[in-house]
Amino acid sequence: LPYVPQVPPMALLGKVTATTFALERPRCVFDGHADASDAVWLAVAFANASAAFRNPQCRAEVPLYKELLAARSYMTLETAAAAYSCSAPSPAVLRVGGDTACGDQGTQHPCNGPLPSPGPYRVKFLLMGCGGPKAETRWSEPILLRTALSPSTIEAAPARPGSALVVIASILASLGAALAAAVLGALGAKVRGSLCHQGLGTGAVTRRSYRTHHIPPALPRPPAPGCGCSPPGLGPSAPQ
């Protein structure tokens, strides 16, 4: 399809942050191509890996969020195709990376988790039915997330009056910390010598302080589900 996903041009609070960005909602794009049982996914890939992305043939092959750093791509925002039709009332934008609970879940479901680096990223919408992919949009232009200032922009030394006093105070604080460390080291050596003299060496302390425990073997993982068709928009990544 000729549609190209893009960040909305209008002023929008939090349009691009360090871990998320907003996308225009693709209304009317899939009309005439989608059935009631079809789902629309968003594919997210690092810009230099988008050309190598291969569309999954079913939901069981959808790349997961937790595999982004290794596979360089994942899919999210599974939504019923009817939600993007011209007649469906819907918000103007979609939030990519807005689910902060993705890192805490141990399930194998797709997730709309925060993006782990500034990118840049490319995205495309993919229409999937029970028989596999049916239509897709073009890849977006590279989307670069907002990053912090460079460390080189931080002032190396204070320029305000009284900077010499600040430097002297920091030197005195460092000397005080070194003196305290030396005193504590001397006291620790004296205590260890006393314990050894009484027959309580470090080996005895170790034997009395630590206990062994049994670690059960890891249970085998269940086999990955085969290709099948499930109702669209019901997964944990479906927008609320």
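This passage describes the sheet, the disulfides and selected side-chain contacts of a predicted model.

The strands β3, β2, β5 and β6 form an open sheet, in that order. Its pairing is antiparallel. Strands of a sheet pair through backbone hydrogen bonds, either parallel or antiparallel. Two strands stand at the edges: β3, residues 73–80, and β6, residues 132–136. Each has a single partner strand, so one side of each is left without a neighbour in the sheet. Neighbouring strands are turned against each other by 35 degrees on average, direction ignored.

The pairing of β5 with β6 can be described in more detail. Strand β5 covers residues 121–129. Four bridges join β5 to β6, and the two run antiparallel. Met128 has Pro133 of β6 as its bridge partner. The connection between β5 and β6 is a hairpin through two residues.

The structure holds two disulfides. A disulfide is a covalent bond between the sulfur atoms of two cysteines. One of the two links Cys28 to Cys86, with the sulfur atoms 2.0 Å apart. Cys28 lies in the loop between β1 (21–24) and β2 (39–46), and Cys86 lies in the loop between β3 and β4 (93–96). The pair therefore ties together parts that are 58 residues apart in sequence. Cys28 has a relative accessibility of 33% and counts as partly exposed. Cys86, at 38%, also counts as partly exposed.

Cys102 and Cys111 form a disulfide as well, with a sulfur separation of 1.6 Å. The angle about this S-S bond is -85 degrees, and the link is left-handed. Cys102 and Cys111 are both buried.

A polar contact involves the loop between β1 and β2, where Asp38 is found. The relative accessible area of Asp38 is 2%. The cut-off for buried is under 20%, so Asp38 is buried. The side chains of Asp38 and Lys134 are joined by a polar contact of 2.7 Å.

Aromatic contacts were searched across the whole structure, and four pairs were found. A pair of aromatic rings is described by the distance of the centres and the angle of the planes. For Phe53 and Trp139, the centres are 5.8 Å apart and the planes make an angle of 85 degrees. This pair is edge-to-face. The pair links distant parts of the chain, 86 residues apart. Phe53 is in the loop between β2 and α1 (68–71), whereas Trp139 is in the loop between β6 and α2 (163–197). Phe53 counts as buried at 9% relative accessibility. Trp139, at 22%, counts as partly exposed.

Tyr65 and Tyr74 form another of the pairs. Their ring centres are 5.6 Å apart. Their planes stand at 70 degrees, so the pair is edge-to-face. Tyr65 has a relative accessibility of 19% and counts as buried. Tyr74 is at 0% and counts as buried.

An arginine also meets an aromatic ring. Arg72 lies over the face of Phe46, at 4.2 Å from the ring centre.

How values were computed:
Residues are numbered from 1 along each chain as its sequence is written. This is a predicted model: local features need pLDDT of at least 70, side-chain atom pairs count only at pLDDT 80 or more; totals for chains, interfaces and linings use all residues. Side-chain values use heavy atoms; hydrogens and water are left out. Two strands pair if DSSP finds at least two bridges between them. Axes are lines fitted to C-alpha atoms, for helices over the stretch in contact, and angles run from 0 to 180 degrees between N-to-C directions. A disulfide is a pair of cysteine sulfur atoms within 2.5 Å. Buried means under 20% relative accessible area, exposed over 50%, partly exposed in between (1.4 Å probe, protein chains only). A polar contact is a pair of N or O atoms within 3.5 Å; within protein, one must be able to donate a hydrogen and the other to accept it, and residues adjacent in sequence count only if both atoms are side-chain atoms. Rings of Phe, Tyr and Trp (its six-membered ring) pair if their centres lie within 6.5 Å; planes under 30 degrees apart count as stacked, over 60 as edge-to-face and the rest as tilted. A charge sits over a ring if NZ of Lys or CZ of Arg is within 6 Å of the ring centre and within 35 degrees of the ring normal.
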